[in-house]
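Please open the model in your viewer and keep the sequence panel at hand, since the stops below are given by residue and chain. The tour begins inside one chain and ends where two chains meet.

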Amino acid sequence: MTRSAIELKAEAKNLNFYYGPVHALKNINMPIERRKVTALIGPSGCGKTTFLRCFNRMHDLYPHNRYEGEIILYPDKINIISPEIDPIEIRMQISMVFQKPNPFPKSIYENVAYGLRVRGISRKGILDEAVEKSLRGAALWEEVKGRLNSLAVDLSGGQQQRLCIARALATGPRILLFDEPTSALDPTATSKIEELIIELKNEVTIIIVTHNMQQAARVSDYTAFMYLGEIIEFDKTDKIFTAPSNRLTEEYITGRFG
Amino acid sequence: MSTVFEKELEALKEKVLRLGSLVEKAISDSIKSLVERNSVLAAETIDRDALVNTLDVEIDEECIRLIALRQPRAGDLRLITTAMKITTDLERIGDLAVDIAERALELNEEPQLKPYIDIPRMTEIAQGMVRDALDAFVKKDSALARDVLMRDDTVDQLNYQVFNELLFFMIQDPKTVSRAVKITYVSKYLERIADHATNIAEMVVYLVEGKIIRHMG
């Protein structure tokens, strides 16, 4: 694949990751293009979620986990996984949306304002504006603008997931990470989230892990197929789904294994 | 053990092949009806085109069903889309065989203008192209498909040769014009059949290699 014309947002270089003695990611080299959606696919246990979690240092929460190599964030060219980089600050800039919606047991408003408050912002005017902007960005504003002080847990599953996206957007992230964001949602809520992902890429770079291959095909610009901790094939999504180069990718994509 | 989907793909391939053999027979029968002046065979060939049309629709429906229900990807997707496109070309070849048989019916009513020499040669090449293109489809053999592509020029040259020869007849004697024009039609139909075989071969290259090579030459 030619990489000359793409504008990088991040790039994994010789990335290795270990859960204690287990070598979970092996020599990963992969570009992440700015304001595009990159999907990670592969059978269970292939390392796609492990890879995703490296981007916002989720693995730091457990001892004995170890990174090697680099994930360079552009344009600053900082190495995200370097021990000198504060993981809390990284998580403000690179936010994660999880498989199951996990709103805090707070109001809709406070869920979205949370990250900004952590940053020390408390002026109501600024927070109000950021909450509205983020909720609009997550296509939830029209549905909740009259009840911002209601508890977030009273929203439907799909709305809760969009609230989590709004919460992630509030800190002005540079990369949004999605870990199976629709696996707990019905088809209608799923297609709303997919539409939203496609819209969000106008403003933010997105990486998504999904078990649903058709979802990867629908929302992503690039797809990486992973197997046993390695990137087997990385290419434009339409190439991967019409004419992959690697036999393993072909077999996985067509449901012959995995 | 093959999955239900794999069996469906095999059945689809078989149907395309069945269509292919109907069409191959239509080509040879239509030319035979002309060369041997057998109008009964020409009429039969025209009637049998209904089978080609039925199978064409059946294959299309099956492909649409597989796309909707199986969401095919990669090689499977290429196989199904190729089958759809090949079928369109095969159906058009069937129509051209009908056109040849119709001209045969007309020409058989009149004295033979000249012995047919180049027309059977063109038929042999064009028919071989159709057969090998389908063989390449079944065996996923892109080398054979590319070989088919090479043969199209010969058919084009023969068509040109036939046209010039008949032009000479027409200039010499205007009474031959009606028959000569009909024979140039037949030659043109054969040239079109070779073009459709070329399309099929190009689709096979896409099926096997994932590369679209149409309109490159």
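Begin by selecting strand β3 of chain A together with strand β9 (residues 222–227) of chain A: in this predicted model, the two run parallel and are joined by 4 bridges. To find the register, pick L40(A), which stands opposite A224(A) in β9(A).

Keep β3(A) selected and add strand β8 (residues 205–209) of chain A, which pairs with β3(A) over 4 bridges, again in the parallel sense. Here the residue to centre on is A39(A), with I208(A) of β8(A) standing opposite.

Now show the side chains of β3(A) by themselves. In a regular strand, side chains alternate between the two faces of the sheet. Along β3(A), V37(A), A39(A) and I41(A) point one way, whereas T38(A) and L40(A) point the other way, and all are buried. The strand, residues 37–41, is accordingly described as mostly covered, with 5 of its 5 residues buried.

Next, move within chain A to the open sheet of 4 strands, ordered β2-β1-β4-β5, in which the pairing is antiparallel. Select β2 (22–33) and β5 (78–79) of chain A to see the edges: each has a single partner strand, so one side of each is left without a neighbour in the sheet. Then add strand β1 (residues 8–19) of chain A, which runs antiparallel to β2(A) and is joined to it by 8 bridges. One place to inspect this pairing is Y18(A), whose bridge partner in β2(A) is H23(A).

For the last part of the tour, display both chains and colour the residues in contact, 12 from chain B and 11 from chain A. Together the chains bury about 870 Å², 48% of it on carbon and sulfur atoms. On the chain B side, select R73(B), A74(B) and D76(B), which supply 55% of the area that chain B buries against chain A, more than any other three residues.

Which side chains should be selected to see a salt bridge between the chains? Choose E6(B) and R256(A), whose side chains meet at 2.7 Å, N to O; across this interface there are 2 salt bridges, and 7 residue pairs are in polar contact, counting those with both residues at pLDDT 80 or more. The elements giving two or more residues to the side of chain B that touches chain A are α1 (4–35) and α3 (74–107) of chain B, and α3(B) contributes the largest share, 5 residues. Coloured by class, that side of chain B shows 5 nonpolar, 3 polar and 4 charged residues.

Note on methods:
Residues numbered from 1 in each chain as written. Chains lettered and ligands numbered in written order. Predicted model: local features only at pLDDT ≥ 70, side-chain atom pairs only at ≥ 80, totals over all residues. Heavy atoms only, no water. Contact = heavy atoms within 4.5 Å. Buried area = accessible area lost by both parts, 1.4 Å probe. Salt bridge = Lys/Arg side-chain N within 4 Å of Asp/Glu carboxyl O. Polar contact = N/O pair within 3.5 Å; in protein donor to acceptor, adjacent residues only side chain to side chain. Nonpolar A, V, L, I, M, F, W, Y, C, P; charged D, E, K, R; others polar. Buried < 20%, exposed > 50% of the residue type's maximum accessible area, 1.4 Å probe, protein only. Pairing = 2+ DSSP bridges.
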